[in-house]
Amino acid sequence: LASRVAYTPAGDCADLATATTVQDALDKLCRRQEGGDCTYTIREGDDLAARWAAIQAAGFDNGAICFAEGTWIVAEPLRLFRKRNVTVHGLGRASVVVASKGETAFQFAECDSVTFTDMVVEARLGTIRDGLGGAVSMLNCGPVTIERVTVVGPSAPEPLVAGLAVTRGPESNAVGPIRIHDCDLATGEQQRALVLRQRRER
């Protein structure tokens, strides 16, 4: 437990000087008014769908969306489409997003680059409509980095759900490495942990 692990802050972390455990440090980070390197910060108690829509409406195009500690349930995928270089990250197992009515919680499409780290994503329902699209989906994006992500998915009598899906179709001009590292993919019976679809080079 984080509350039982001692923590000694670095000398340049003045706002964490009074933190004595890892849990104290996490709590202080979550309460920061400024997001640090975050363009936007999602906090526990936020209506995630409404907050995401507001971020889109504000013209978010390049930067980081950060999740503090908390659990959020969404009925529709959180989408970012045709953005530049975007990062979404949380606080590891303390940041949980649940897709309650389908497979996909996060969907990125035609972005210049995407980094997605330190999150827990749960898909509670597989449907034919989603079709192995991924609880976290990257479609026709440039360089992709997915690290320290846990995905939990349901079982089904046939393959309906993928944990992570990275697709570059024949129409895509996306290039760059795809890096997936240190992830826990706990998909259910008959399901796919990872789906990679890469166009053939002409």
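The exercises below, each with a worked solution, concern a predicted model of a protein.

**Exercise 1. Describe the overall make-up of the protein in terms of secondary structure, burial and contacts.**

The secondary structure comes to two helices and 14 strands. Turning to burial, 45% of the 202 residues are buried, and the accessible surface comes to about 10,500 Å², of which 50% belongs to carbon and sulfur atoms. As for contacts, among those between residues at least 6 apart in sequence, 71% join residues at least 24 apart.

**Exercise 2. Determine which residues of helix α2 are buried, and examine what is found at the N-terminal end of α2 and just after α2.**

Begin with the helix itself, which spans residues 48-57 and has Leu48, Trp52 and Ile55 as its buried residues. These residues lie on the same side of α2, because the arc they cover around the axis is only 60°. Next, consider the N-terminal end, which is capped by Asp47, with a side-chain oxygen 3.3 Å from the backbone nitrogen of Ala49. Finally, just after α2, Gly59 takes a positive phi of about 85°.

**Exercise 3. Find the salt-bridge partners of Arg51 and Arg84, and state for each residue whether it is buried, partly exposed or exposed.**

The structure holds six salt bridges, and one of them joins Arg51 to Asp46, with the closest N and O atoms 3.7 Å apart. To classify these residues, recall that partly exposed means between 20% and 50% relative accessible area; Arg51, at 26%, is therefore partly exposed, and Asp46, with a value of 26%, is partly exposed as well.

For Arg84, the partner is Asp61, and the closest N and O atoms are 2.6 Å apart. Arg84 lies in the loop between β4 (78-81) and β5 (85-89), whereas Asp61 lies in the loop between α2 and β2 (63-67), so the pair ties together parts that are 23 residues apart in sequence. Arg84 is partly exposed at 44% relative accessibility, and Asp61 is partly exposed at 25%.

**Exercise 4. Identify the residues linked with Glu147 in a network of salt bridges.**

First take the pair Glu147 and Arg148, whose side chains meet in a salt bridge at 3.4 Å, N to O. Then extend the picture to the network, which links Asp118, Glu147 and Arg148.

**Exercise 5. Establish which residues make the nonpolar surface patch and which elements give two or more residues to it.**

The patch, of about 310 Å², is made by Ile178, Ile180, Leu194 and Leu196. The elements giving two or more residues to the patch are β12 (178-181) and β14 (192-198). Ile180, which lies in strand β12, is partly exposed, with a relative accessible area of 32%.

Note on methods: Residues are numbered from 1 along each chain as its sequence is written. This is a predicted model: local features need pLDDT of at least 70, side-chain atom pairs count only at pLDDT 80 or more; totals for chains, interfaces and linings use all residues. Side-chain values use heavy atoms; hydrogens and water are left out. Buried means under 20% relative accessible area, exposed over 50%, partly exposed in between (1.4 Å probe, protein chains only). Helices (H or I, at least four residues) and strands (E, at least two) are DSSP runs, numbered from the N terminus. The arc is that of the directions from the helix axis to the C-beta atoms. A polar contact is a pair of N or O atoms within 3.5 Å; within protein, one must be able to donate a hydrogen and the other to accept it, and residues adjacent in sequence count only if both atoms are side-chain atoms. Patches are made of residues with over 30% relative accessible area and no salt bridge: like charges are joined within 9 Å, nonpolar side chains (Val, Leu, Ile, Met, Phe, Trp, Tyr) within 5 Å. Accessible areas come from the Shrake-Rupley method with a 1.4 Å probe; for residues, only the protein chains shown count as cover. A salt bridge is a side-chain nitrogen of Lys or Arg within 4 Å of a carboxyl oxygen of Asp or Glu. Contact means heavy atoms within 4.5 Å.
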